[in-house]
Amino acid sequence: MAELKLPRHVAMIMDGNGRWAKKRFLPRTAGHKAGVDAFVEMTDACNELGIEYLTVYAFSTENWNRSQEEVSALMELMVKGIAKYEPEMQKRNIKLKILGDLSRFEDKYRDPILDVQQRLSKNTGMVVSICLSYGGRQEIVYAVNKLLKEGRSEITADDIGENLYSAGMPDPDLIIRTSGEYRTSNFLLWQSAYSEYYFADVFWPDFNREELNKALEAYSKRERRYGR
Ligand code: IPE
Ligand code: IPE
Ligand code: MG
């Protein structure tokens with residue numbers, strides 16, 4: 001991969017867990033479980049490649065509209081997955097960030113996740129951001145409200161960028177969506193102004209190193225012009 005022009009920041013819309021499970025006559029939760037494994041695998045892979053920032057879309061503000069059973073199962077799997085992966089992240093010097101409106105989470109899910117974030121906060125290696133209860137529109141409204149509370153009556157684009165959950169991070173260079181859907185579903189609306197998109201047909205649990213390499217190769221061939 002050394003000859004490739006690598007993105008600094010890769011973001012992933014991890015979609016297709018349910019369909020992956022359905023194809024195997026398994027419950028949707030089995031797909032989410034396999035999805036957590038794929039997330040761990042992708043984090044390891046990006047880390048080994050030297051990618052500086054990985055941001056994944058794990059649960060959207062709209063995903064709260066799913067059945068209570070699916071939402072709880074997803075929460076359980078994410079909490080367990082993050083806890084299980086913590087030692088490895090620590091070893092790899094990975095810094096974990098949770099982006100989203102965590103106020104909607106039950107304490108029993110929020111607290112353990114925030115504890116892991118805290119314990120990994122001093123790490124200086126790759127920054128892994130997990131978007132939970134995240135919506136791009138909600139994030140922009142959050143930033144504007146923060147500025148209003150400071151008493152601002154006029155703001156700039158920089159002000160918004162500096163008050164998003166992602167403040168301090170570079171914008172994503174490459175955004176990958178799996179499962180053959182061609183939409184953003186409210187992901188990083190502000191930050192994706194000049195991101196390159198890559199759509200993979202495979203469902204998220206099947207997104208592996210080989211698929212990632214294909215995405216990186218495609219990115220490497222893109223010419224980014226930024227309007228010039
Ligand atoms: C992605 O898989 C995981 C979440 C959105 C939480 P889906 O659950 O959306 O799976 P599909 O798209 O229904 O196959
Ligand atoms: C986007 O997937 C959100 C995540 C992957 C977490 P969805 O499955 O929720 O998106 P839509 O409903 O297909 O647009
Ligand atoms: Mg989906």
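In this predicted model, the cavity search returned one cavity of 30 Å³ or more. The largest cavity has a volume of about 30 Å³. Its lining is formed by His9, Thr55, Leu99, Ser166, Met169, Pro170, Pro172, Leu188 and Gln191. By class, the lining of the largest cavity holds five nonpolar residues, four polar residues and no charged residues.

Open space was examined next. The largest pocket has a volume of about 550 Å³. It is lined by 27 residues, and those closest to its centre are Met14, Asn17, Tyr57, Ala58 and Asn63. Helix 1 (17-23), helix 2 (28-49), strand 2 (53-60) and helix 3 each give two or more residues to this lining. Helix 2 gives the most, with five residues. Twelve of the lining residues of the largest pocket are nonpolar, nine are polar and six are charged.

The second largest pocket encloses about 250 Å³. Lys33, Val36, Asp37, Val40, Leu77, Lys80, Gly81, Lys84 and Tyr85 form its lining. Helix 2 and helix 3 each supply at least two of these residues. The largest share, five residues, comes from helix 3. Four residues of the lining of the second largest pocket are nonpolar, one is polar and four are charged. Helix 2 thus appears in the linings of both pockets.

Attention then turned to the interior. In soluble globular proteins, nonpolar side chains tend to be buried together. The largest nonpolar core of the model has 45 residues. Met12, Leu96, Ile130, Leu132, Ile176 and Leu212 have the most contacts inside it. Helix 3 (residues 68-91) gives the most to this core, with eight residues. Apart from the largest core lies another, of 13 residues, which includes Ala11, Cys131, Phe187 and Leu188. Leu188 also belongs to the lining of the largest cavity.

Leu96 illustrates the packing of the largest core. Neighbours within four places in sequence are left aside here. Leu96 is then in contact with Ile82, Met89, Val116, Gln117, Leu120, Val128 and Ile130. Ile130 is itself among the residues with the most contacts inside the largest core.

Strand 5 (residues 174-177) is covered on both faces. Leu174 and Ile176 are buried on one side, and Ile175 and Arg177 are buried on the other. Strand 5 runs parallel to strand 1 (residues 9-13), and four bridges join the two. Across this pairing, Met12 stands opposite Ile176. Both residues are among those with the most contacts inside the largest core. Strand 5 also pairs with strand 6 (residues 196-199), again in the parallel sense and over four bridges. Here Ile176 stands opposite Tyr198 of strand 6.

Backbone angles were considered last. Most residues other than glycine have a negative phi, and most peptide bonds are trans. Phe25 has a positive phi, near 55°, and is not a glycine. Phe25 is found in the loop between helix 1 and helix 2. Phe25 counts as exposed because its relative accessibility is 79%, and the cut-off for exposed is over 50%. Asn93, likewise not a glycine, has a positive phi of about 65°. Asn93 sits in the loop between helix 3 and strand 3 (95-99). With a relative accessibility of 28%, Asn93 counts as partly exposed.

Key: Residues are numbered from 1 along each chain as its sequence is written. Chains are lettered from A and ligands numbered from 1 in the order in which they are written. This is a predicted model: local features need pLDDT of at least 70, side-chain atom pairs count only at pLDDT 80 or more; totals for chains, interfaces and linings use all residues. Side-chain values use heavy atoms; hydrogens and water are left out. A nonpolar core is a set of buried Ala, Val, Leu, Ile, Met, Phe, Trp, Tyr and Cys residues joined through side-chain atoms within 4.5 Å. Buried means under 20% relative accessible area, exposed over 50%, partly exposed in between (1.4 Å probe, protein chains only). Contact means heavy atoms within 4.5 Å. On a 1 Å grid over the protein atoms alone, a cavity is a set of points where a 1.4 Å probe fits but cannot get out, and a pocket is an open set with protein on both sides within 12 Å along at least five of seven lines; lining residues have an atom within 4 Å of a point. Grid points are joined across faces, edges and corners, and a volume is the space filled by probe spheres set on the points. Ala, Val, Leu, Ile, Met, Phe, Trp, Tyr, Cys and Pro count as nonpolar, Asp, Glu, Lys and Arg as charged, and the others, Gly among them, as polar. Two strands pair if DSSP finds at least two bridges between them.
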